[in-house]
Amino acid sequence: MSTTWHARLDWAGDHTTPDDLAALLDQLSEHGPAGSINSDGLAGSVMIALEADSLDAAITTGLTLGRAAAAQALPAVEITGIEVTDSDALDRELAQPVFPAVVGYAEIAELAGVSRQRARAFSKIAGFPAPVIETAQGPLMARTAVEHWLATRNTRPGRRSAA
């Protein structure tokens with residue numbers, strides 16, 4: 001029984017231009033290709049869809065298709081790797097968020113039960129989680145890191161009373 005597989009082929013070699021990548025994608029047009037090149041142009045990858053009866057057959061077919069297309073469009077590169085997954089696994093991977101759940105100062109204030117001004121002051125305390133994303137509205141921190149930080153601290157202002 002034939003299954004749809006998705007193969008990501010990585011390559012390295014001489015400088016690859018966007019026009020070279022477009023030629024490669026044209027060579028693989030029957031396989032719904034998507035590709036990218038590194039900023040230095042010395043490496044890249046392409047994802048293709050293919051039909052095969054098994055993982056082994058998908059790897060062999062992916063390499064054969066990739067090498068043939070590269071020979072035409074990118075003769076100075078070498079295929080350096082392949083990753084093959086079935087459609088269900090790819091769908092699960094694509095469903096995962098690219099970034100972790102993030103929170104800004106308003107959400108941190110709510111989590112800590114303090115004002116936004118107090119939550120903003122947390123960033124000056126050693127050990128407070130560093131932002132994972134900077135936006136025009138302010139920094140965003142990983143929610144799990146902030147929750148862990150809050151769980152280990154007294155976040156209320158003022159001095160602790162001596163017991």
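## Fold at a glance

How many helices and strands does the secondary structure of the chain come to? The count is 6 helices and 7 strands. Please keep in mind as you read on that this is a predicted model.

Starting at the N terminus, the order of the elements is β-α-β-β-α-β-α-β-α-α-β-β-α. If you are tracing the chain on screen, that string is a handy guide to the order in which the elements come up.

## Overall dimensions

Let's turn to the dimensions. The radius of gyration of the chain is 24 Å, whereas a compact globule of 163 residues would have one near 15 Å. The C-alpha trace spans about 75 × 40 × 25 Å along its principal axes.

Contacts can be sorted by sequence separation. Taking those between residues at least 6 apart in sequence, 65% join residues at least 24 apart.

## Surface and charge

Of the 163 residues in the chain, 31% are buried. The chain exposes about 10300 Å², and 52% of this area is supplied by carbon and sulfur atoms.

The charges are worth a look too. The chain has 12 positive and 20 negative charges, and the mean positions of these two sets lie 29 Å apart.

## Two nonpolar cores

The largest nonpolar core has 20 residues. Within it, the residues with the most contacts are Trp11, Leu24, Val46, Ile48 and Leu50. Two or more residues of this core come from each of β1 (3-13), α1 (18-27), β3 (43-52), α2 (55-73) and β4 (77-86). Helix α2 gives the largest share, with 5 residues. There is also a second, separate core, made up of 13 residues, including Val103, Ile108, Val114 and Leu150.

Leu50 makes a good stop for a closer view. Setting aside residues up to four places away in sequence, Leu50 touches Thr3, Thr4, Trp5, Ala7, His31, Ala58, Thr61, Gly62 and Leu65.

## A close look at Thr85

Thr85 sits in strand β4. Is Thr85 buried or exposed? With a relative accessible area of 15%, Thr85 falls under the 20% cut-off, so this residue is buried.

Which residues are in contact with Thr85, leaving aside its neighbours within four places in sequence? They are Trp5, His6 and Leu90. Trp5 is a shared partner here, as it is in contact with Thr85 and is also touched by Leu50.

Methods: Residues are numbered from 1 along each chain as its sequence is written. This is a predicted model: local features need pLDDT of at least 70, side-chain atom pairs count only at pLDDT 80 or more; totals for chains, interfaces and linings use all residues. Side-chain values use heavy atoms; hydrogens and water are left out. Helices (H or I, at least four residues) and strands (E, at least two) are DSSP runs, numbered from the N terminus. The radius of gyration is taken over C-alpha atoms; the globule rule is 2.2 Å times the number of residues to the power 0.38. Buried means under 20% relative accessible area, exposed over 50%, partly exposed in between (1.4 Å probe, protein chains only). Contact means heavy atoms within 4.5 Å. Accessible areas come from the Shrake-Rupley method with a 1.4 Å probe; for residues, only the protein chains shown count as cover. Lys and Arg count as positive and Asp and Glu as negative; His and the chain ends are not counted. The place of a charge is taken as NZ of Lys, CZ of Arg, CG of Asp or CD of Glu. A nonpolar core is a set of buried Ala, Val, Leu, Ile, Met, Phe, Trp, Tyr and Cys residues joined through side-chain atoms within 4.5 Å.
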